[in-house]
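Welcome, and thanks for taking a look at this one with us. Please open the sequence and the coordinates side by side before reading on.

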Amino acid sequence: MAGRYAPRPRRAPAPGGTGVPAAPPGPPRTATGHATGVAAGPPAHVPGPVPAGHSTSVPAPAPAGHAPRVPVPVRAGASAAGSRRRGWVPPWPLDLGLTLGPLRRGPGDPTFRATPDGAFWRTCRTPEGPGTLRITACGGAVEAEAWGSGADWLLDRLPVLLGEQDDPDAFTPRHRLLALTRRRRPGLRLVRTGLVMESLIPSILEQKVTTDEAYRAWRLLVRAYGDPAPGAPAGLRLHVVPEPRTWARVPSWEWHRAGVDGKRSATVLRAVRVAPRLEEAAGMAPEDARRRLELVPGIGAWTSAETVQRSHGAPDAVTTGDYHLPGIVGHALADRRDADDAEMLELLEPYAGQRHRAARLILLSGRTPARRAPRMTPRDIAPL
């Protein structure tokens, strides 16, 4: 978990600074507040990496007499370019960068991109087929555009993806650090994709290796075996994750070239053989979903927690077995940088039911122990 949430947050403002404001109270200036309509082709933008610390929030409400721009609430078919649009006004503060950040697997993730124009691009394989989603914040509203056979599924679930079912008010900070971080980051919501395999496979690739190794493997394999993202500009180099049948056909030498050892590749193959059963876990409670995932040999508590944090938006799925997280939590809450899992769980006990949220706030606080040794050297098994 530690180090896997990107883009990195901005430096926190001084205490007393203002956070991201919520949308104006009351219903938006539309019939339903969940607007849809026909769109033209993909918007013009300048593809490229997001600057360090970049984060896009739903802007402050417009001054009196200037209503925020909200799409017309009309449901329509695909346009000539095959895209669909939807607008949504969240009734609470929302930071798109913080909320969607956990879905990004490294700066070159072929399934996720944040562009300098403030847009967030995401691809996924929905129950209705592959789809591409572009999300922006505009005038107190969120605007989304989607392409592909999964476009309707993605747009229908837009509020859920951005934390509509999350309940930050259930969290009561009991440490000053968490209270300050929560006040400075009011737009944080726990993302919920409703898709299991797209989070499970990269989590398996991240087992017991550095993040750079895992990100490289994910990037190489998805670009080699995934489908080009529908509707996305070619310059973004976006791909949709391979379907389970395709993962099962990846040759052993391609796993090796991507730096994935036999244990992790075998775990992926076991998981994709029962992909429909694992995908059913998206409709279960987080703890039940974790138990089902852990029935697959090679999937343990660390991997199942990393998965349901994204697929379910599980606020209590704290990651155990992580190399860095116990020391970060121990240092932040008790000045114990050498804490283990047992000590971390003891420190997080006052936040039972919200332990994952507490851990995320600790990571966002920036209070991490000073480095005492060089970074771990990534392995390269390709020449072996």
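Below is a short tour, grouped by topic, from the whole chain down to single residues.

This is a predicted model, so a word on confidence belongs up front. The protein chain averages a pLDDT of 84, and 78% of its residues score at least 70. It holds 15 helices and eight strands, and 52% of its 384 residues count as buried.

**Confidence and overall build**

- Over residues 5-55 the pLDDT is below 50, although this stretch has 128 contacts in the model beyond near neighbours in sequence.
- Residues 59-80 also stay under a pLDDT of 50, and here the model has 46 contacts beyond four places in sequence.
- Where pLDDT is low, the predicted coordinates should not be read in detail.
- Taking contacts between residues at least 6 apart in sequence, 73% of them join residues at least 24 apart.

**Helix H4 against helix H15**

- How do the axes of H4 and H15 cross, and at roughly what angle? The axes of H4 (residues 176-184) and H15 (residues 355-365) come within 9 Å and cross at roughly 80°.
- Angles of 65 to 115 degrees count as roughly perpendicular, and H4 and H15 are therefore roughly perpendicular to each other.
- On the H4 side, the residues that meet H15 are Leu177, Leu178, Thr181 and Arg182. On the H15 side, the partners are Ala358, Leu361, Ile362, Leu364 and Ser365.
- By residue class, this contact of H4 with H15 divides into six nonpolar, two polar and one charged.

**Helix H6 and what covers it**

- H6 spans residues 211-225, which makes 15 residues. From its first C-alpha to its last it reaches 21 Å, close to the 21 Å expected at 1.5 Å a residue.
- Which residues of H6 are buried? They are Glu213, Ala214, Tyr215, Ala217, Trp218, Leu221 and Val222.
- The cover over these buried residues includes three helices, H5 (197-205), H7 (244-248) and H8 (252-257), together with strand S8 (239-240).

**Asp109, a buried loop residue**

- Asp109 sits in the loop between helix H1 (96-100) and strand S3 (112-114).
- Is Asp109 buried or exposed? Its relative accessible area is 0%, and buried means under 20%, so Asp109 is buried.
- Leaving aside neighbours within four places in sequence, Asp109 is in contact with Leu103, Arg104, Trp218 and Leu238. Among these partners, Trp218 is one of the buried residues of H6.
- Asp109 and Arg122 are 13 residues apart along the chain, and their C-alpha atoms are separated by 9.9 Å.

**Two residues with positive phi**

- Most residues other than glycine have a negative phi.
- Lys208, in the loop between H5 and H6, has a phi near 55°, a positive value in a residue other than glycine.
- With a relative accessible area of 80%, Lys208 is exposed.
- Asp335 is not a glycine either, yet it has a positive phi of about 55°. Its place is the loop between helix H13 (325-334) and helix H14 (341-348).
- Asp335 counts as exposed, at 57% relative accessibility.

**Other loop and tail positions**

- Arg372 lies in the segment after H15, and at 60% relative accessibility this residue counts as exposed.
- What does Arg372 touch, leaving aside its neighbours within four places in sequence? Arg372 is in contact with Arg337 and Asp338.
- Ala352 is found in the loop between H14 and H15. At 52% relative accessibility, Ala352 counts as exposed because the class begins over 50%.
- The C-alpha atoms of Ala352 and Ala317 are separated by 10.0 Å, with their positions 35 residues apart along the chain counted as the distance apart.
- Gly231 lies in the loop between strand S7 (227-228) and S8, and a relative accessible area of 29% makes Gly231 partly exposed.
- Gly231 and Glu145 are 86 residues apart along the chain, while their C-alpha atoms are separated by 9.8 Å.

Conventions
Residues are numbered from 1 along each chain as its sequence is written. This is a predicted model: local features need pLDDT of at least 70, side-chain atom pairs count only at pLDDT 80 or more; totals for chains, interfaces and linings use all residues. Side-chain values use heavy atoms; hydrogens and water are left out. Axes are lines fitted to C-alpha atoms, for helices over the stretch in contact, and angles run from 0 to 180 degrees between N-to-C directions. Helices (H or I, at least four residues) and strands (E, at least two) are DSSP runs, numbered from the N terminus. Angles under 35 degrees count as roughly parallel, over 145 as roughly antiparallel, 65 to 115 as roughly perpendicular and the rest as oblique. Contact means heavy atoms within 4.5 Å. Ala, Val, Leu, Ile, Met, Phe, Trp, Tyr, Cys and Pro count as nonpolar, Asp, Glu, Lys and Arg as charged, and the others, Gly among them, as polar. The expected span of a helix is 1.5 Å times one less than its number of residues. Buried means under 20% relative accessible area, exposed over 50%, partly exposed in between (1.4 Å probe, protein chains only). pLDDT is the predictor's confidence in each residue, from 0 to 100.
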